[in-house]
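Got the model open in your viewer? Here is a short tour, one selection at a time.

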Amino acid sequence: MTNDTLRLADRMQHIAMSPTMKGTMEAERLRREGVDVVDLGAGEPDFPTPAHIAAAAEQAIKRQFTKYTANMGILPLREAVGSRYQQDYGVTYRPDEVVITAGGKQALHHAALALFGPGDEVITHMPGWPTLVEQIKLADAKPVIVRARAENGFALTAEMFLAAVTPRTRAIILNSPGNPTGALLSEVEARILAAEAARQGLWIVIDLCYERLIYDGVPHNLPKIFGDAMRDRLVLAGSTSKAYAMTGWRCGWLAAPKPVASAANALQSHETSNCSSITQHAAVAALTGPQTCVTDMLAEYKNRRDQVLGWIAQEPRVKCAVPQGAFYVFPDISSFLSPNGVRTSLEFADQLLQQEHVVTTAGEAFDAPGFVRLSYAASLETLHEGITRLARFARRSAG
Ligand SMILES: Cc1ncc(COP(=O)(O)O)c(C=O)c1O
């Protein structure tokens, strides 16, 4: 046997492990050594899952809802997604147009596999969530990256996507509110993009996983705007993870025209079968129960965002856009970098962890060197301590 037989499939030459996990693993190691680690790396809410949601899961276990479900998910949950979207956006999705998945991540993967293939170009944006790019590659299509600019608050514009369209463009994937920037595609830009995408026959996939976490009441009815212009080429991916503090439960969904939903259902029937039956019952409680848990968490995130921005503003060398959604700030720390000191934001995040025991995520993870992501899914006390240590480290390393 030659060594060649030991090699992995070609596709693995192009797929990277999610880079956001590295800091988490190192922080875990330091914690085990008893180090007082301040974690601003979390990509998930620090709140507990609301009690009425957890109670619905307990009930599901007691009532023996512990067997396989329909691959697409239980009907009450697909209906609940439909009514949420009806209430929140005024759009109609029938139960056979909704597939319940193991998190928004799987919904997006299904969309990629259902729609993209060799020869297709798929446009997405950076700084952004790396999974969207890897999923395009997993579907054997070519990612085309467009860049949002820090000086514009990382705002997504129709023009930046449309300028990248070629005859091979199959789709545009948007993440709004975005990770790591918290930026949105505004409704004005959405209208322009939707009209043009409809005219050119492009698909639009929208990652709405942070859709319930938007501050200051900024209107963001992308489902209606794109739906009115091009419903037959629109895929929406959502999730209970961030809105209801349910990351570990693994529940998301895809809402799409029936052929895409059927394709996602077929894919899922050979992969995970169904999202956990217990989780699905909990998700019905989340989507149909009182929504005050969401608004309460949102108010707390907003309070933290404003405090964090205030603390960061005390350091004039750091520039930081105001995020309109999600729970991250993404400051530019490049003025602390130098060829003879800390050279990159990756080194910055590594050394900040080693010297001051603060976990952040380097901009490199989001294709944006020179930045670091700080998550404010942490208590105000933790945030204050983390930013104090970060500022101390930054000043020291810049000399
Ligand atoms: C931008 C974005 N989309 C989607 C997801 C997927 O989340 P989940 O699979 O937990 O629904 C995440 C998770 O971090 C994310 O940051």
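Is Asn 152 buried, partly exposed or exposed? Select Asn 152 and have a look: with a relative accessible area of 48%, Asn 152 is partly exposed, since the partly exposed class runs between 20% and 50%. Keep in mind as you click around that this is a predicted model.

While you're there, check the surroundings. Asn 152 sits in the loop between strand E4 (142–147) and helix H6 (158–162). Now add Ala 321 to the selection and draw a C-alpha to C-alpha distance: you should get 8.0 Å, although 169 residues separate Asn 152 and Ala 321 in sequence.

Next stop, the ligand. Show what surrounds the ligand and you'll have 13 residues on screen, with Gly 104, Asp 207, Ser 239, Ser 241 and Arg 250 being the closest. Colour that shell by character and it splits into three nonpolar, six polar and four charged residues.

Then pick out the contacts one by one:

- Asp 207: an N or O atom of the Asp 207 side chain is 2.5 Å from a nitrogen atom of the ligand.
- Arg 250: a polar side-chain atom of Arg 250 lies 2.7 Å from an oxygen atom of the ligand.
- Lys 105: here look at the backbone, where an N or O atom is 3.0 Å from a ligand oxygen atom.

Switch on a surface, too: the ligand taken alone exposes 400 Å², and the protein buries 92% of that.

Now for the rings. Show the aromatic side chains; the structure holds 13 aromatic pairs. Start with Phe 336 and Phe 348: their ring centres are 6.5 Å apart and the planes meet at 35°, so this pair counts as tilted. Where do the two rings come from? Phe 336 belongs to the loop between strand E9 (328–329) and helix H12 (345–356), while Phe 348 is in helix H12, so the pair ties together parts twelve residues apart in sequence. Turn on the protein surface and both partners count as buried: Phe 336 has 2% relative accessibility, and Phe 348 has a relative accessible area of 0%.

For a bigger group of rings, select Phe 47, Tyr 210, Tyr 301, Phe 327 and Tyr 328, which ring pairs link into a cluster.

Last click: Tyr 93 together with Arg 231. The charged end of Arg 231 sits over the Tyr 93 ring, 4.4 Å from the ring centre.

Terms used
Residues are numbered from 1 along each chain as its sequence is written. This is a predicted model: local features need pLDDT of at least 70, side-chain atom pairs count only at pLDDT 80 or more; totals for chains, interfaces and linings use all residues. Side-chain values use heavy atoms; hydrogens and water are left out. A residue is near a molecule or strand if one of its heavy atoms lies within 4 Å of it. A polar contact is a pair of N or O atoms within 3.5 Å; within protein, one must be able to donate a hydrogen and the other to accept it, and residues adjacent in sequence count only if both atoms are side-chain atoms. Accessible areas come from the Shrake-Rupley method with a 1.4 Å probe; for residues, only the protein chains shown count as cover. Ala, Val, Leu, Ile, Met, Phe, Trp, Tyr, Cys and Pro count as nonpolar, Asp, Glu, Lys and Arg as charged, and the others, Gly among them, as polar. Rings of Phe, Tyr and Trp (its six-membered ring) pair if their centres lie within 6.5 Å; planes under 30 degrees apart count as stacked, over 60 as edge-to-face and the rest as tilted. Helices (H or I, at least four residues) and strands (E, at least two) are DSSP runs, numbered from the N terminus. Buried means under 20% relative accessible area, exposed over 50%, partly exposed in between (1.4 Å probe, protein chains only). A charge sits over a ring if NZ of Lys or CZ of Arg is within 6 Å of the ring centre and within 35 degrees of the ring normal.
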